[in-house]
Amino acid sequence: MPMCALLSTCVAVATVNAVSIAPGAAVRAVNEALHHLFEPPTALRTSAQLEELANVRVPSAAGHEILAFAARPSSAPEGARLPVLMLLHEFFGLNAPIVEKAQALADNLGCIVIAPDTFRGVATSFIPRAIWLALATPQDRVNSDLDDVVRWAARQEYADTRRIAVMGFCYGGGKAIRYTTQARPNAATVIFYGSPVLDVAALKRLRAPVLAVYGVDDAQFPQRTVVKFREALAEAGIEHEVCGGGAA
């Protein structure tokens, strides 16, 4: 289900549940549902765990700091400059599972993996809040932050940003393909069930391969959309592999 539709469903369910009780209570119930969507409890706004997970603070051109987790291979050769993989989180924000994936990818691929916080200090497990964060985070802001992360990586003696890829899961997958088409065409793109770019003109800007993986039973990105993405990449002349797996 698209995120806008899911957001509407959340409100609709609250409304249906509310109108089964007294009218005054119904209004209060809907207001409370909206309150939790847009003004969740303080504990969900900024995660102390996020501060603990991040091991890097990247200075930005705009003056703020970007929290990130940077992983190096456990057995990296001394003095080697390694390729860089930027790993973009799902709509829950930067969390422990993403950090674990970053370290595993660094060890398995022998590269530097940087997982930035694209929500600028917020992480949540509350799904309505996660939906709102995804909807309220503009691509141009993400592009700017990722550019700052690449600039930071280029200053590290162990990173070779001439060899770079961007990988994302769901929300992060959609941001990844838009970042590479809009701002970083020389980076390879890896999408795990993220919103695809179907515009051939935009895809033609890419100068590196695309790998995309979708579930065959994914209602949000049905197979007809996956086929259109594959066809658009082919028409754009981009080296690619777009495949489906089991249920998403």
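Which side chain meets Arg57 in a salt bridge at 3.3 Å, N to O? Keep that one in your heads while I find my place. Good morning, everyone! Before the answer, one reminder: what you see above is a predicted model.

So, the answer is Glu65, whose side chain meets that of Arg57 at 3.3 Å from N to O. Arg57 has another partner too: a salt bridge joins Arg57 to Glu51, with the closest N and O atoms 2.6 Å apart. Put together, Glu51, Arg57 and Glu65 form a linked network of salt bridges. If you are new to this, here is the general idea: side chains of opposite charge can pair when their charged atoms come close.

Where do these three sit, buried or exposed or something in between? Arg57 has 45% relative accessibility, so it counts as partly exposed. Glu51 is partly exposed as well, at 43%, and Glu65, at 47%, is also partly exposed.

The model has seven salt bridges by the rule used here. One of them joins Arg163 to Asp160, and their closest N and O atoms are 2.9 Å apart. Look at the two ends of that bridge: Arg163 is partly exposed at 42%, whereas Asp160 is buried, with a relative accessible area of 6%.

Now let's go to the nonpolar interior. How many residues does the largest nonpolar core have? It has 32, and the residues with the most contacts inside it are Met86, Ile112, Ile114, Trp152 and Val166. Several elements supply at least two residues each, including strand S1 (56-59), strand S3 (82-88) and strand S5 (159-169). Helix H7 gives the largest share, six residues. The general background is that in soluble globular proteins, nonpolar side chains tend to be buried together.

Let me zoom in on Trp152. Leaving aside neighbours within four places in sequence, Trp152 is in contact with Val56, Val58, Pro59, Ala70, Ile114 and Tyr158. There is also a second, separate core of 21 residues, and Ala54, Leu67, Phe69 and Met167 are among them.

On to the rings. The count comes to five aromatic pairs. Take Phe91 and Phe92: the ring centres are 4.8 Å apart and the planes meet at 70°, so this pair is edge-to-face. Why edge-to-face? Because planes over 60 degrees apart count that way. Phe91 is buried at 15%, while Phe92 is partly exposed at 24%.

Compare that with Phe119 and Tyr171, where the centres are 5.0 Å apart and the planes are at 45°, so the pair is tilted. This pair links distant parts of the chain, 52 residues apart: Phe119 is in the loop between strand S4 (112-116) and helix H6 (127-135), and Tyr171 is in helix H8 (residues 171-182). Phe119 is buried, at 5% relative accessibility, and Tyr171 is buried, at 5%.

There is a cluster to find as well: ring pairs link Phe169, Phe192 and Tyr193. Phe169 has a charged visitor, too, with Lys101 lying over the face of its ring, 5.7 Å from the ring centre.

Which residue has its charged end over the ring of Tyr158? That is Arg72, at 4.0 Å from the ring centre. You have met Tyr158 already, as one of the contacts of Trp152.

That's my tour. Thanks for listening, and do have a look at the model yourselves!

Terms used:
Residues are numbered from 1 along each chain as its sequence is written. This is a predicted model: local features need pLDDT of at least 70, side-chain atom pairs count only at pLDDT 80 or more; totals for chains, interfaces and linings use all residues. Side-chain values use heavy atoms; hydrogens and water are left out. Rings of Phe, Tyr and Trp (its six-membered ring) pair if their centres lie within 6.5 Å; planes under 30 degrees apart count as stacked, over 60 as edge-to-face and the rest as tilted. Buried means under 20% relative accessible area, exposed over 50%, partly exposed in between (1.4 Å probe, protein chains only). Helices (H or I, at least four residues) and strands (E, at least two) are DSSP runs, numbered from the N terminus. A charge sits over a ring if NZ of Lys or CZ of Arg is within 6 Å of the ring centre and within 35 degrees of the ring normal. A nonpolar core is a set of buried Ala, Val, Leu, Ile, Met, Phe, Trp, Tyr and Cys residues joined through side-chain atoms within 4.5 Å. Contact means heavy atoms within 4.5 Å. A salt bridge is a side-chain nitrogen of Lys or Arg within 4 Å of a carboxyl oxygen of Asp or Glu.
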